[in-house]
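The following paragraphs lead the reader through one protein chain, from a single loop residue to the arrangement of its domains. Please keep the sequence and the model in view while reading.

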Amino acid sequence: MLSTMMKQIQKPTQLGSYPPEDVTFLLKDLSLFNLETGTEDKEEAIQNGRHYSEMLPIEYKPSKEYIQLFHIMLRDNARQVASAVATVAELIFREHGSKTVLASLARAGTPIGILIKRYLKMVHRVDLPHYSISIIRGKGIDENALIYMLKQHPEHEIQFVDGWTGKGAIRKVLIQSVVEFNQQYKTSLSHDLAVLADPGECVNTFGTRKDFVIPSACLNSTVSGLLSRTILRNDLIENHEFHGVKFYKDWGKEDLSQLFVETICAYFYSVTEESSRLAIGYLDRPDQRSDTWKGIKDIQTIQKEFNIRDINLIKPGVGETTRVLLRRVPWKIIVNDKENTDLKHITVLARERGVEIVVNSKLAYACCGIIKPLHV
C-alpha cells in the first residue's frame, strides 16, 4: 500500500531560510495566500469552534527591548540548551544508531532537530536525514510525510522531535496518529518523542525535566527558518499533498534562525562528556525516564481555581506561555517565582500586552499562560 500511495505524493520543494543540508521540509508552500487573521478575531473564531489550523496569526514584530532580551537569553542559556540537545542526541544515537531519520514537528521542533543533527555530525561523524513535518491537534500527523520518509529510508527508524512539552497535548496526538497509521499501513513506527525540556513528564526521551527557557520559543518565524505555523484546509491541500505553510521571505533582515543554531553549536564539544554520562545514566535506569504525566494535576487545579471550562485554554511551561503571549489573547500569567531569570521575557511581553502576572509558588512549571475565555 505504501508503494501505491508513493506515486501520488508531492515531492518536497525548497522552503525556509535554513541550508538544505540542515533540513528538508515536507510541507506545501502557501505563501501566495492571505491566511492571517487578527489576534482578537482569531481567538473568537477558535473558541467558537473554528479549527486553529485553518488560519494564521499576524506575525508579532517584537520591540527592540524584546529583541535585546532574546540576545541576552541566548547568550546566558546557550550552554544549557546545548547540554539538553547533546543529552537527547546521545540517547537517540545510543538507542537507535545511524539508521535513524529525524522527524521534527514543525515548527518548534525544526531548530531542535537541526541541532540534534548538527551535534551527531560534529561529535559522532554521523549525518542523519532530517525532515520537518506537520502535526495538528485535533487533526493528527501528516500521513503523506510519514509515507514519504518510509519510502525514502526503508531501513531506518523514525525519531520524532519537538522543542518541549506543556501538558502533553501534542504527544497524545502523536501517539494516536502513529497507532492509527501502523494499523492502516501495517507498519511498526514508534511514537517516541524527543524534546529538550519535559517539565510535565510526558515523554521518555528528553534533555531535562527542568522548565527552562529555550530561546527559540521566544520568537515566531524569525527563529524557525521564516516559516509560519502549519495549515490544513481542504480548499488548499489536496489528498496527495503535504500540510501547508507560509514562507515569510520579507522578514529576512530580522531572521535569527541561523544565529540561534550557530550559537548553540559552539558549545557542543564542551558539553559532550557530561551529556554522554547523563544519557548513559538514563539508559541504565529506565525508571528515571517514565512518562508520569504529573503536570496534568497542576492544570486541573488551575482549571478549577479560575473556573475555566476548556482545558485547552491553559498552556503550561515557559515555551507554551511564550506562545500565548505572542500568538493568542492572554488573560493571566501564573509564575512560581517572579525572580526566575528564565521568565524575563515573559515579564516584558506581559507588560507590553497589559496582562496580569499571578504568583503561585506551588506550581510545578516555571509558569503557565491562560488564554482569555470568551466568557469569564
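Where does serine 228 lie? In this predicted model, serine 228 belongs to the loop between β11 and β12. Its position in a loop leaves open the matter of accessibility: serine 228 has a relative accessible area of 1% and is therefore buried, since the limit for that class is under 20%. Its contacts, apart from residues up to four places away in sequence, are Leu56, Arg107, Val245, Lys246 and Tyr248. One of these, valine 245, is 17 residues away along the sequence, and the C-alpha atoms of serine 228 and valine 245 are 5.7 Å apart.

A second loop residue offers a contrast. Lysine 253 is located in the loop between β12 (244-245) and α7 (257-265). With a relative accessible area of 86%, lysine 253 is exposed, whereas serine 228 is buried. The C-alpha atoms of lysine 253 and threonine 222 are separated by 9.2 Å, with their positions 31 residues apart in sequence.

The next element to consider is a sheet. Six strands form an open sheet in the order β1-β6-β5-β9-β10-β11, and their pairing is parallel. Strands β1 and β11 (205-208) are at the edges; each has a single partner strand, so one side of each lacks a neighbour in the sheet. As a general matter, strands of a sheet pair through backbone hydrogen bonds, in either a parallel or an antiparallel sense.

Within this order, strand β1 (residues 24-25) runs parallel to β6 and is joined to it by two bridges. Phenylalanine 25 faces serine 132 of β6 across this pairing. On the other pairing of β6, four bridges connect it in the parallel sense with strand β5 (residues 100-105), and leucine 105 is placed opposite isoleucine 133 of β6. Between β5 and β6 the chain passes through helix α4 (residues 109-124), giving a right-handed β-α-β crossover. Further along the sheet, strand β9 (residues 157-161) pairs in parallel with strand β10 (residues 193-197) over two bridges, and alanine 194 in β10 is the bridge partner of valine 161.

Which residues of strand β6 lie on each of its two sides? His130 and Ser132 are on one side, and Tyr131 and Ile133 are on the other. In a regular strand, side chains alternate between the two faces of the sheet. All four of these residues in β6 (residues 130-133) are buried, and both faces of the strand are thus covered.

A further β-α-β unit occurs later in the chain. Strand β14 (residues 330-335) pairs with strand β15 (residues 356-359) through four bridges in the parallel sense, and lysine 332 is opposite glutamate 356 in β15. Together with helix α11 (residues 344-353), β14 and β15 make a right-handed β-α-β unit. Isoleucine 333 is part of strand β14 and is buried, at 0% relative accessibility. Residues up to four places away in sequence aside, isoleucine 333 touches Thr321, Leu325, Ile346, Val355, Glu356, Ile357, Val358, Cys368 and Gly369. From isoleucine 333 to isoleucine 346, 13 residues apart along the chain, the C-alpha separation is 8.6 Å.

Cys368, one of the residues touched by isoleucine 333, leads to the cysteines. How many disulfides does the structure hold? The number is zero. For cysteine 368, the closest cysteine sulfur is that of cysteine 367, at 7.6 Å, and the two are therefore too far apart for a bond, given that a disulfide requires sulfur atoms within 2.5 Å. Cysteine 368 is buried, with 0% relative accessibility. For cysteine 265, the closest cysteine sulfur lies 18 Å away in cysteine 218, which is also too far for a bond. Cysteine 265 too is buried, at a relative accessible area of 7%.

The view may finally be widened to the whole chain. The domain assignment divides it into domain 1 (1-289) and domain 2 (294-371). The C-alpha centres of the two domains are 23 Å apart, and the contact between them takes 32 residues from domain 1 and 32 residues from domain 2. An unreviewed UniProt entry lists residues 293-372 as "domain: PELOTA RNA-binding". Over residues 293-372, 39% of the chain is helix and 22% is strand, with the end C-alpha atoms 25 Å apart.

Definitions and conventions
Residues numbered from 1 in each chain as written. Predicted model: local features only at pLDDT ≥ 70, side-chain atom pairs only at ≥ 80, totals over all residues. Heavy atoms only, no water. Buried < 20%, exposed > 50% of the residue type's maximum accessible area, 1.4 Å probe, protein only. Pairing = 2+ DSSP bridges. Right-handed = clockwise from strand over helix to strand, strands pointing away. UniProt positions renumbered as here; feature names shortened; annotations may be inferred. Contact = heavy atoms within 4.5 Å. Domains from an automatic or database assignment.
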